[in-house]
Structure formats: C-alpha cells, structure tokens
Amino acid sequence: MEQNKPKTKFSRRSFLKATGATSAVLGLSGLGFFGYEAGRDPASYTGWKTFEGGDQTFPRHRFTVNEPPYEKVGPTRRVDPRSEIVFSRLPTFVRYWRQDPRIESLPEHLQKYYQEHPEDLELDLENIKVLRPKLMADQEKYGRTFLLAEAWSEAMAAVVPPRITEPPEKADFPYVGWGRGQEKLRRPYKLKSPAKTSRLIKKIAHELGATLVGIARLNPDWVFQYPIPGRGLDPNQPLEIPSHWEYAIVVGTPMSWDPMYANPNYGTSEDAYSISRIIAYRLAAFIKYLGYAARPHTPGYSYDLMVPPIMIDAGLGEQARSSIVITPELGPNFRAAVVTTNIPLKPDKPIKFGVESFCKTCKICAEQCPSGAITKGDKVVVRGYRKWQLHAAKCYNFWNSNLGNMGCRLCIAVCPYTRKANWLHRAALNLSSNDPTGLSHDALTQLQKIFYPGPNPQDYYIPSLGGKNASYRRPPWWLRTEDFIEFE
Amino acid sequence: MSIFNSGFFWFIEGILTCLVILGIKTWAEDRGIKLTWWKWLLILLWFSLAGFTLAFVGTSLGENEPIAALRGGVLFGVLTIILGVACWRLLSLKKKKN
Ligand code: SF4
Ligand code: SF4
C-alpha cells in the first residue's frame, strides 16, 4: 500500500526537517541578537540606567506632527508674571495690602488685574485672611504626621545653584580668565552640523541625569513680558528678548513615584526640581565651554519663560486638561528645566499621541481636584491660544489648605497617564496612543475609575476646613513618621 | 533582578507551555476528542485570559493597589471561570456527539 502512494514533491518528513533547520537558524541567530541587546541594554548600566537615555523609550518619530497641537486663534500676548502668575502676584499683594488694605494702594498692574479678575481678588484675600491662619493652627495639631515627608523634601531642596546676578548679555556668555575686567569672551568652536550637535546635546543631557530631553526653536510668545526678581534683570522694565535666545533645550526628571501617589501632602516637587535644576546648570556649562551662550531657567520659580508650551514645541508631550504637559514615558509626573542658547541645533518636532482626545472624555483630574481649579468644560482662548485653562488662584489656595509638603500634585497622582512603566500600563499607553477612534479612551477611563478610585475630594483638606488630611494613596513605608519617631 | 523579571523566566514559561500543550493533546486523545484548530484557538484564548487575570492581580498587588487587585481579580476572574466552563462544555459536547 505504502509503495503505491504517489510521492509528493515535499513530504511531511521533509517539511519537518526544513522547519527544524529553519528554527535552528532562527533560534541561534536570535541568541546572537539577545546577546547584543543584553550587552547594550541601558538596564545593565547599574546606577546609570537613566543616564544612558534608557527611559526615553517612546517611538516619537511615529507620532510627530508639523505644527504643535495647540491652536493659535488671534493676536498673541506674552504673559505678565507680575499679575498673571500667582507666585509673583500674591507676595506683592500681601506686601501692599498689609500696609494699606485698599485696591487703590496696589501697584497699577495689580489694580488692573483685579479689576479684570474680581474673583481672584476674593480668592487672594481668602488665602491670606482665612486659609493661612487655619493652616497654621492645624499644623500645630496634626503637622507631625508629615515630618518625614517634609524632611525628605527639605533634603532634596538643599542644593541650589547660585542666583543669576548679571543681565543675559553678560551672564549667558562664556568668559575665560581671572578677575574683573580680565575676562575674555570664549571663541565659539565651529560645529559640524546642527543635527550632530543636537544628538550630542541630548546624549550629554541624559548623561547628566535627564530622563527626557527635547529641543525647540524658542517661540517669543512664551517669554515673560517682565522679568521676575533674581534673574539679573530689572523686574520693573519690560523684558527685551535677547537675540541669543534662539533655541530652548528642555530637560525633565520624574518626582519619586511612591511619595507622588501619596499627594497632596506626602509628595514633593523638590526631588525633580532639584535634579532638573542641576542638569540645566551643568548643560549650560557644557554649552558655554564650547563657546556659545546658554542660560538655565529652572524650577521652583527661576525662569524668564513659560516651560509647558516649550515642552510641547520640543516634542516631549501634549497639553492636558489639568494644564500640565503629559509625556508618554512619565505622564505628567515630571518637572522640567530649560536652557536657552544660540548653539546651532536641529529642533525636534511636536508629537500627538492621543492626549487631547483622552482628556476630552476623561476629566478624572477635574473630578478629583479639591479646589475646582481644573475645568470640566472646553478649551478657552488665553493670550491668543486655545487651551484648557487652570484657575491658578483656586489651585494655589488649596496649597494653603493641606498640610505636609508645599503644593498639591493630586492632578498628577490621579491621572491615568501617571502610571509606572510595567507591562500593564505600557499596554494601555500603546492602545490609547494608537487608537484614532478614541473608543479605547472611554474604556480606559472607566477602568481607571473602577480600579484606582480616590477619596472624596473634600477629605484632602485640613480638618479646620472640613477635611481629613487624606492622601490619594498611603505613603511609602519610609515616609510614615509614626513608625520611626516617638513623640512625647 | 528577580528571576521573574529575567529572560530565564520566559524560557521556563516556554517549556511549561509546551508541556501544557502536550498534556491537553494526550488528555483529548484519551477521551477521543479531536482537537481542531478552532478548539486550540479557544484553549489559547482561555489560557491568555486566565494568565492576564493572574498577572493583573499580581501586578496590582506589586504596585500597592489592593483595590485594583480585588476588583480586577473578581471581574476578570468571574469572566475566566464562566468562559472556562463554557469552553469545557463545548469540548465535552463534541465528545458526546462523536
Ligand atoms: S495641584 Fe491640586 S489643587 Fe491644583 S489643580 Fe492640581 S489637583 Fe487641583
Ligand atoms: S486625569 Fe484625565 S483629563 Fe486629567 S489630565 Fe489626566 S487624562 Fe487628562
């Protein structure tokens, strides 16, 4: 019978043999690739994984767009930090109001601002009259719970580079030589190409510790109208944008993940502030050594410009409903610093990876924000650009309504993009980034609400304001003061 | 790096998967069940779901999210059990017909 069977050209046995041989070749060459990857894996650079750029992993080239994903809708205007940024406005307001509590006694720019934003006057008054006294009283009663968190924040904030004391024409340029009047301007070296220099600068930024780095051509709209104090400029004179602020290099590092989930009271911004700040100063020194101008703009509040839109221009992320930038790798959990420079660079392209569509339906941050500072509504036009606008005065008032470390950061902690880089959350990121229909965005939002619920937003307040000193998640073991310190 | 994070872990997982496939094949032959391609597909999908459920619970516990572990465990676990029973019946029914 067997012999009568017609012989096929390629028998089953031959097929198995061919498959076996092919598998052997594939398997063995796979081991070669495995070895190559193991040899160069950033994770193998123990202690220097981040410094190898091993965390900037998102395939940005697949998501680039030619224009930044924000909409310019009319004549634009630069931000006036003296009134529009609460960190500048409130100290001035307090200083004048304490002397003479009348609107007419305030500087002209503040009078104008409060006439246009009467709600902010009420909020700023509430801040100094109601919230701060209650905060101080509750600090006495409950503050010790957050002692270790405060100590951790203090430690991270301990290293601060010196303030800039000279104007950009002097401070930004590289001088060599000793003694006043003896210095000479360093001659810039001729560079082979902007593309090569960009690659070099990014590698150096990673080597200095930057988790993320991107490059943009500086849009003058993002520069402050007036300088803030401590920048080597006169805060009362409008800021003329120096011609050597051509490019902006943005570096960013994450806040420590476990304390960050325990916001608004156990987390701190100081960890990422400090690391990004030091990277920016070091990067500026590197650029100056090559003979070019460089100026660091660093957190907490030592900038001549707004950082978030520059991050968007530099292709690091997209603007979110919470008004923060969301990056693919770190979500909104990061703090950035900028170096403005004239070293010739090739800017990155902006990216679009679904954040706008996600935020349209998600609104988790707006629901969880205790102060109601995040809008549940649509974008509005601000200084000529359509964007989701944060009500900063409300946000800042909540900073004075919770104990522990300064600030809040809850909108970062609760955001579905703020998830650690494990298989589960990377899969969700890949799904949402590659879904043009937006259907998965709804589903992922619902899952986020089911799986990662938070306390009632009112509970985040101090007890005197009707709250329970709640945090989104329990602090990590090393910030639980009660486990380490014996109070009498 | 723990063993569960390593390439070696996936090597072991691969061997275990081969053993599971052999086991299912033998089990089916003993019961006279013919495992067609779509039955293999069903088995694969069910194992993927069961694996996902366990990995989800483990990951959530690992990242200090006990509520996610509990809710995910119940949600995906119940789904896994229901689909597992349905799969089992489907395979057994075929056997009876045969
Ligand atoms: S930091 Fe806190 S108060 Fe401010 S917007 Fe975010 S959640 Fe709201
Ligand atoms: S919580 Fe939701 S709406 Fe808010 S920033 Fe994150 S994704 Fe956008």
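How many bridges join strand 5 to strand 9 of chain A? Seven bridges link strand 5 (residues 247-253) to strand 9 (residues 335-341), and the two strands run antiparallel. Strands (E, at least two residues) and helices (H or I, at least four) are DSSP runs, numbered from the N terminus. Strands count as paired if DSSP finds at least two bridges between them.

The model is predicted: local features need pLDDT of at least 70, side-chain atom pairs count only at pLDDT 80 or more, and totals for chains, interfaces and linings use all residues. Residues are numbered from 1 along each chain as its sequence is written, chains are lettered from A and ligands numbered from 1 in the order in which they are written, and side-chain values use heavy atoms, with hydrogens and water left out.

Chain A holds 17 helices and 11 strands. Its C-alpha atoms fill a box of roughly 115 × 60 × 55 Å along the principal axes. Of its 488 residues, 49% are buried (under 20% relative accessible area, 1.4 Å probe, protein chains only; exposed is over 50%, partly exposed in between). Contact means heavy atoms within 4.5 Å. Among contacts between residues at least 6 apart in sequence, 76% join residues at least 24 apart.

Strands 5 and 9 belong to an open sheet of four strands in chain A. The order is 4-5-9-6, with antiparallel pairing. Strand 4 (212-217) and strand 6 (294-297) stand at the edges. Each has a single partner strand, so one side of each is left without a neighbour in the sheet. Neighbouring strands are turned by 20° against each other on average, direction ignored. Axes here are lines fitted to C-alpha atoms, for helices over the stretch in contact; angles run from 0 to 180 degrees between N-to-C directions.

Helix 8 (residues 194-207) of chain A packs on this sheet. It touches strand 4 and strand 5, and its direction makes about 145° with that of strand 4. Helix 10 (residues 270-289) lies across strand 5, strand 6 and strand 9. Helix 10 runs at about 15° to strand 9. Within strand 9, Arg335(A) is the bridge partner of Thr253(A).

Thr298(A) sits in the loop between strand 6 and helix 11 (307-313) of chain A. Thr298(A) is buried, with a relative accessible area of 2%. Leaving aside neighbours within four places in sequence, Thr298(A) is in contact with Arg277(A), Ala280(A), Tyr281(A), Tyr303(A) and Ala337(A).
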